Amino acid sequence: MRPGLLAAALLVLAGTLLGSLLVGAADLPASGVVRALADRVPLVSLDSGLGPVGESIVWELRVPRVLMAAVVGGLLALAGAGYQGVFRNPLADPYLLGAAAGAGVGATLVIVLVPDGLGFVVPLAAFVGAIGGVLLAYALGSTAERGGGAATLVLAGVAVSSFLSAVQTFVQQLSSEDLQRIYSWILGGVGAADWRQLTLIAPYAAVSTAVLLAHGRLLDVLSVGDDEASALGLSARRVRLMVLVAASLATACAVAVSGLIGFVGIVVPHVVRRLAGGSYRVVLPLSLLGGAAFLAVADLVARTVVAPAELPLGVVTAFVGGPFFVAVLRASRRRVET
């Protein structure tokens, strides 16, 4: 990792987060928002001039929402890069491999069956569902891989995702009073983010991020082939299992608090590879930072383009990710043909 590259990524992320904090439905002066943020820095004391209501808007609404968008975007991009490294497939993505659909089934079951007081169970249920979805897609893809080529795993993931989506729809119909809550969750968004949710997913997000970042060098070794990795004393099965579990945990964290927000795990890692090369020691941390910045911008667009209404965040990412996915698919096909 070149220090200049990392510094540039951090500056882009910081500028994106600050810009997102300055814009909102409430007409707050930018200078006041900046002073309110600076006032929380140790050894700094500034009067923001916003008043109690303005301070509450900044710290109880804007800051948690922007931080949640950054956390969710970073986790999804990091998980996407991890899945692509494990399966050595540029089309691997949490939403194409059944992880998000499985997490959605788990989270929906908790929403319907578990009282609100046990909301901390949602990430755990989403994690179990994410692991189950990925394993099912991997097993199905492995049985047909002999003649399917690079897209076989993706096709298996699409089939598993469709099945799990049907299961989720069935569960929704069992509890009509929760339909509005479930559908708002399915559309994806971070408008309901608060400090409690951030605290809830922080341990899971920290563990999954640390594990994935620690496996960057090992994923580079895996990229040359299992035989070469074994010759170097590396257990390919153990590395795949660890990365798979960590990426599924990251996906589960994101899905549990934001709903279904697609394409982040494809768009960001591919852009990072174009700009910084294919080493996972670089791709993983830059995907984390790039995903955070990308979703923060997407959330800013979602809450301003049709203001005072809001677009679902998943709609904004789909507008970007849909054409991008088609381009990646065509590029992968050309590489296979040549």
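**Figure 1. Confidence across the predicted protein chain.** This is a predicted model, and the protein chain averages a pLDDT of 84, with 90% of the residues scoring at least 70. Confidence is highest in α13, at a mean of 94, and lowest in helix α7 (residues 179-187), where the mean is 66. A friendly word of caution goes with this panel: where pLDDT is low, the predicted coordinates should not be read in detail.

**Figure 2. The protein chain as a whole, before we zoom in.** The secondary structure consists of 14 helices and zero strands, so the pattern along the sequence reads α-α-α-α-α-α-α-α-α-α-α-α-α-α. Of the 338 residues in the protein chain, 49% count as buried. The accessible surface amounts to about 15,900 Å², and carbon and sulfur atoms supply 68% of that area. If you look at contacts with a separation of 6 or more, 75% of them join residues 24 or more positions apart.

**Figure 3. Close-up of His215, in the loop between α8 (195-214) and α9 (216-222)**. His215 is buried because its relative accessible area, 8%, falls under the 20% limit. A polar atom of the His215 side chain lies 2.7 Å from the backbone oxygen of Val211. Leaving aside residues up to four places away in sequence, His215 touches Arg238, Val239, Met242, Val243 and Leu284. Arg281 is worth finding in this view too: His215 and Arg281 are 66 residues apart in sequence, yet their C-alpha atoms are 8.0 Å apart in space.

**Figure 4. Close-up of Ile266 in helix α12**. With a relative accessibility of 0%, Ile266 counts as buried, because buried means under 20%. Its contacts, not counting residues up to four places away in sequence, are with Gln84, Leu91, Ala92, Asp93, Leu96, Phe324 and Phe325. Take a moment to locate Pro90 as well: 176 residues separate Ile266 and Pro90 in sequence, while the C-alpha to C-alpha distance is 7.9 Å.

**Figure 5. Close-up of Thr108 and its polar partner, Gln168**. Thr108 belongs to helix α4, which spans residues 99-113. The relative accessible area of Thr108 is 0%, so this residue is buried. The side chains of Thr108 and Gln168 make a polar contact with each other, at 3.2 Å.

**Figure 6. Two loop residues with positive phi, Leu43 and Phe263**. Most residues other than glycine have a negative phi. In Leu43, phi is near 70 degrees, a positive value in a residue that is not glycine. Leu43 sits in the loop between α2 (30-39) and α3 (51-87). This leucine is exposed, with a relative accessible area of 93%. Phe263, also not a glycine, has a positive phi of about 75 degrees. Its place is in the loop between α11 (236-258) and α12 (264-276). At 26% relative accessibility, Phe263 counts as partly exposed, because the value lies between the 20% and 50% limits.

**Figure 7. A nonpolar patch of valines on the surface**. The patch is formed by Val297, Val301, Val305 and Val306, which together have about 280 Å² of accessible area. If you want one residue to start from, try Val305, found in the loop between α13 (280-304) and α14 (313-337). Val305 is exposed because its relative accessible area of 52% is over the 50% limit.

Note on methods
Residues numbered from 1 in each chain as written. Predicted model: local features only at pLDDT ≥ 70, side-chain atom pairs only at ≥ 80, totals over all residues. Heavy atoms only, no water. Patch = residues over 30% accessible without salt bridge, like charges linked within 9 Å, V, L, I, M, F, W, Y side chains within 5 Å. Areas by Shrake-Rupley, 256 points an atom, 1.4 Å probe, with all protein chains shown as cover. Salt bridge = Lys/Arg side-chain N within 4 Å of Asp/Glu carboxyl O. Helix = DSSP H or I, 4+ residues; strand = E, 2+ residues; numbered from the N terminus. Buried < 20%, exposed > 50% of the residue type's maximum accessible area, 1.4 Å probe, protein only. Polar contact = N/O pair within 3.5 Å; in protein donor to acceptor, adjacent residues only side chain to side chain. pLDDT = per-residue confidence, 0-100. Contact = heavy atoms within 4.5 Å.
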